[in-house]
Amino acid sequence: MSDYVRIFDTTLRDGEQSPGASLTSAEKLEIARQLAKLGVDIIEAGFPAASPDDLEGVKQIAQEVGNPVDSNARVPIIAGLARANKNDIDKAWEAVKHARQPRIHTFLATSDIHLKYKLKMSREEVVERVREMVSYAKTFCDDVEFSPEDAGRSDPEYLLEVLEVAIRAGATTLNIPDTVGYTTPQEFGALIKGLIENTPGAEQVVWSVHCHDDLGLATANTLAGVTNGARQVEVTMNGIGERAGNTSLEEVVMAIHTRPALFGLQHGIDTTQIARASRMVSNFTGIPVQPNKAIVGANAFAHEAGIHQDGMLKNNMTYEIMKPETVGVNASRLVLGKHSGRHALKARFDELGYNLSDDELDQAFARFKELADKKKVITDADLEALVSDEIASYNELYSLDGMQVVCGTMGMPTATVRLRDPEGKSHTVAAIGTGPVDAVYKAIDAIVNCPITLLEFNIHAVTEGIDALGQVTVRIQAKDAQTRMDALREIARTRTFGGYGADTDIIVASAKAYLAALNKLLIVMQARENAMSSEVALMA
Ligand code: KIV
Ligand code: ZN
C-alpha cells in the first residue's frame, strides 16, 4: 500500500456550510488559489446544483486553479459535490469539466435513520440508486468519488454491499463519512479496517475518511482512519464546517508531519503556507480562530510561563514540538517601507502568491502608501490584511465614502457616515449610539434600510504594536430572515453573513466589516428577488 496520503480540502464546500461562512466568488477563487499553493491534492470547490452562483463559482475555480499556467505547478483535482441524482451530477460535471483533472463526488445516505426519515427509501432502492448514479457519473468523468453519508451510524454489513456496488459501477475513491461526528477513534479505525479488508475490489480504489467534530474527535478519528489504511483525508482549514465543524487540515497534516516514525506517511503539503491559508479563511468567512486552537491559534506558539520561557531560551525543543516557521508563523517580517515603490510592492505580492491586476495593484499601492504613513513596520500579515480588505470590497453595492466619529466621556457618541449607493449616489447620515461602533452602525442602517441583527463582533490586531492594523469580523442576519431549505442537507436553515474590514482606525475597520457583511446579504436578497421575478415571468 502506498504511504502517500491525499489531502482533500473541502473548505469551500463543507466549510462554507458553517453558519455565516457565505463567501463571494472572488473570495472563493482567492482561497482556492491559496489551497493550490498549499499543495492540497483535491479541492472540493462547491456544490454546483445548489444555485447558478455556486455552479459558476466552481466553474471559475476549475478553469483557473484547475489549469495552472505554470507547467511545473502541481495540478490539483477539482471536485464538485452532487447528490445521487442526474440533475446534480449534470451540474457538477458542467462545473468541473473545465479542470485538467476533474472529479465528480456523489453521495447517498446509508444509515437506517436517514433511509427511513430523510430518503424514505428501502435498502434495496439505495443500492440500486448507487449503482445507477455512480455509473451515470462515470459516463462523464473517469474520476468518481462515492460517499455513503452517515456511514458512522450505518450497518457495516450493509455498507459492504453498497460499497461493492459502487466499485463495480466505477467509483475510484470511496469516502467514509462520520457525518454527525458520532464515532470514537477505536470504532472508526476498526470500521475502516473492516471495510478495506472485506469489500470485494477494495484494492482498486482509494479509501478516504471524512469526519465531523461533534464530540471533538474529528482529528483523532481521521488519524485512526489513515492508520487503518485510508489514503485520502477530507479536511477544512481551521476545521470550519457544519455544527462543530470538520477535521482541520492543519491538525492532521502536522500530526503526520511531526510524527513520521509513528505514522510513516507522506503528504504533499507545503506546511509553511498553513498560517497564511488559515488567516485568509478566517478573514473571508468572518469566523475567528480561537486563540488556543492547535497549530494556527494566536497562542499556539506563545510561552508566557516563566519556567517555559527559561526552557525555551536554553533549547526551544523543551516546550515546542514543532517550529513556528514550519507552519508559516513568524514568517511575517519587515518587507517594505515608506519609500518602497510600486514594483517592490508587486514583487512582494507575487512572492506571497497574489496575482493582482494593474487596477488591483494601483488600489493596493494607494492603500499601502496610506498605511506606510501611519505605520513604521509593514509586514506580510499587513499586506495580506490589506488584500483581504480589498477583496471583501469587490462585490460592493454600498461603499464607504467617508466617516467621522465623536466619542469619549464628555458627550454622546455620534457618527456621521457617507455611503455611496449602487447607483453612485451619495448619502450622509448622522446617528447617536451607545458607543462609537454602535453610532456608526446606526448611521449605516439608516442609509441602507435593511433591518439586521448583529450576531457577532470581533476585533483584533494584525501585528503587535500601538500602530497595528485592526481587523474586525462581524456576523449578521436579516431581521425578517426566513428559513430556507438547504438542498444538500434537506433541512431548514436561516442564513447568516460574515464581513471583514481592516484599518489602522478600528472604528473605520468596524464600519468596513459591517458594510461587507451587509453587501453580501443584499446581493443574496437581490439574487433571490431576481429568481422569483423570473419564475413569475415564466408563469405569466
Ligand atoms: O458529512 C458528510 O457526510 C458529507 C458528505 C456529503 C460527504 O459532507
Ligand atoms: Zn461533511
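In this predicted model, ligand 1 is surrounded by Arg13, Asp14, His105, Phe107, Ser147, Glu149, Pro177, Thr179, His210, His212 and Arg489. Three of these residues place a polar side-chain atom at a short listed distance from an oxygen atom of the ligand, as the table sets out.

| Residue | Distance from a polar side-chain atom to an oxygen atom of ligand 1 |
|---|---|
| Arg13 | 3.0 Å |
| Asp14 | 3.1 Å |
| His210 | 3.1 Å |

The protein covers 100% of the accessible area of ligand 1, which amounts to 260 Å² when the ligand is taken on its own.

Which residues coordinate the zinc ion (ligand 2)? The zinc ion (ligand 2) is held by Asp14 through OD and by His210 and His212 through NE2, at 2.0 to 2.1 Å. Along the sequence these donor residues follow the spacing D-x195-H-x1-H, and the pair Asp14 and His210 links distant parts of the chain, 196 residues apart. Asp14 sits in the loop between strand E1 (6-9) and helix H1 (25-38), whereas His210 belongs to strand E7 (residues 206-211).

Are Asp14 and His210 buried or exposed? Asp14 has a relative accessibility of 0% and therefore counts as buried, and His210 is likewise buried because its relative accessible area is 5%, the cut-off for buried being under 20%.

Another part of the chain forms a hairpin of strands E12 and E13, with five residues between the strands. Strand E12 (residues 414-420) and strand E13 (residues 426-432) run antiparallel and are joined by seven bridges. Within this pairing, Arg418 stands opposite Thr428 in E13, while Gly424, in the hairpin, takes a positive phi near 90 degrees.

Technical notes. Residues numbered from 1 in each chain as written. Chains lettered and ligands numbered in written order. Predicted model: local features only at pLDDT ≥ 70, side-chain atom pairs only at ≥ 80, totals over all residues. Heavy atoms only, no water. Donors = N, O, S within 2.8 Å, 3.2 Å for Na, K, Ca; no water. Helix = DSSP H or I, 4+ residues; strand = E, 2+ residues; numbered from the N terminus. Buried < 20%, exposed > 50% of the residue type's maximum accessible area, 1.4 Å probe, protein only. Pairing = 2+ DSSP bridges. Near = heavy atom within 4 Å. Polar contact = N/O pair within 3.5 Å; in protein donor to acceptor, adjacent residues only side chain to side chain. Areas by Shrake-Rupley, 256 points an atom, 1.4 Å probe, with all protein chains shown as cover.
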